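Please read the following report alongside the sequence and the coordinates, beginning with the side-chain packing and moving on to the rings and the loop.

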Amino acid sequence: MLSSLAPTTTIAELKREALSALQSDVASNSLDVNAMEPPELDIETEDDFELCRVKKEKGKPTNDFEILEPTRMLRDSGLSGWEAVFLQPRDRNTGELLPVQYTPPPMYPEEQQEEEPQSRVPEVSNSKGKRKARPDEIDEE
């Protein structure tokens with residue numbers, strides 16, 4: 001999340017932080033292997049990858065990525081605070097950039113996709129005055 005970084009942070013500093021995170025002990029086995037297959041990354045130095053973002057046409061993401069210039073600051077790169085930054089690895093033998101492997105997350109959690117939204121119709125009462133609250137209307141503190 002870029003919103004926690006100073007706008008004067010350079011892409012190179014962000015790249016150093018990404019490498020540090022990849023090399024830390026907490027990064028190993030931190031992905032839920034039941035939810036996704038973690039990509040095999042052969043990254044040891046900052047030269048082994050580039051940071052990039054999705055190119056957009058008319059505000060909609062495309063399947064192309066643009067490399068972020070390491071010397072630019074976040075504020076000058078046009079990145080928004082919530083924009084995703086992707087890691088694009090290099091082939092160690094050729095130095096060529098490998099394709100970004102990315103699966104967009106679902107727009108809604110699976111539970112919400114299967115369930116229909118439930119609307120609650122208020123009960124109509126002909127009685128006047130106060131009524132006793134139903135158990136589902138009582139707030140427990």
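## Contacts of Leu68

In this predicted model, Leu68 touches Ile11, Leu51, Cys52, Arg53, Leu79 and Val85, when residues up to four places away in sequence are not counted. Among these partners, Ile11, Leu51 and Leu79 belong, together with Leu68 itself, to the largest nonpolar core.

## The largest nonpolar core

The core in question has 10 residues in all, and besides those just named it takes in Leu14, Ala18, Leu19, Ile43, Phe49 and Leu74. Helix H1, which covers residues 11-23, and strand E1, which covers residues 49-57, each supply at least two residues of this core. The contribution of H1 is the greatest, since it amounts to four residues.

One core member also takes part in a contact with a charged group: the ring of Phe49 has the charged end of Lys15 sitting over it, at 5.3 Å from the ring centre.

## Thr9, ahead of H1

Thr9 lies in the segment before H1, and its contacts, with neighbours within four places in sequence left aside, are Leu14, Arg72, Met73 and Leu74. Two of these partners, Leu14 and Leu74, are members of the largest nonpolar core. Thr9 counts as buried because its relative accessible area, 13%, falls under the 20% cut-off.

## The aromatic pair

How many aromatic pairs does the count come to? The count comes to one aromatic pair, formed by Phe65 and Phe86 in an edge-to-face arrangement, with 5.2 Å from centre to centre and 75° between the planes. The pair links distant parts of the chain, given that Phe65 is in strand E2 (residues 60-67) and Phe86 is in strand E3 (residues 86-89), 21 residues apart.

The two rings fall into separate accessibility classes: Phe65, at 23% relative accessibility, counts as partly exposed, whereas Phe86, at 11%, counts as buried. The classes are assigned in this way because the boundary for a buried residue is set at 20% relative accessible area, with the value for Phe86 under it and the value for Phe65 over it.

## Lys58 in the loop between E1 and E2

Lys58 is placed in the loop between E1 and E2, and it has a positive phi of about 55° although it is not a glycine. Is Lys58 buried or exposed? With a relative accessible area of 86%, Lys58 is exposed, because that class begins over 50%.

How values were computed
Residues numbered from 1 in each chain as written. Predicted model: local features only at pLDDT ≥ 70, side-chain atom pairs only at ≥ 80, totals over all residues. Heavy atoms only, no water. Core = buried A, V, L, I, M, F, W, Y, C linked by side-chain atoms within 4.5 Å. Buried < 20%, exposed > 50% of the residue type's maximum accessible area, 1.4 Å probe, protein only. Contact = heavy atoms within 4.5 Å. Phe/Tyr/Trp six-rings, centres within 6.5 Å; stacked < 30°, edge-to-face > 60°. Lys NZ or Arg CZ within 6 Å of the ring centre and 35° of its normal.
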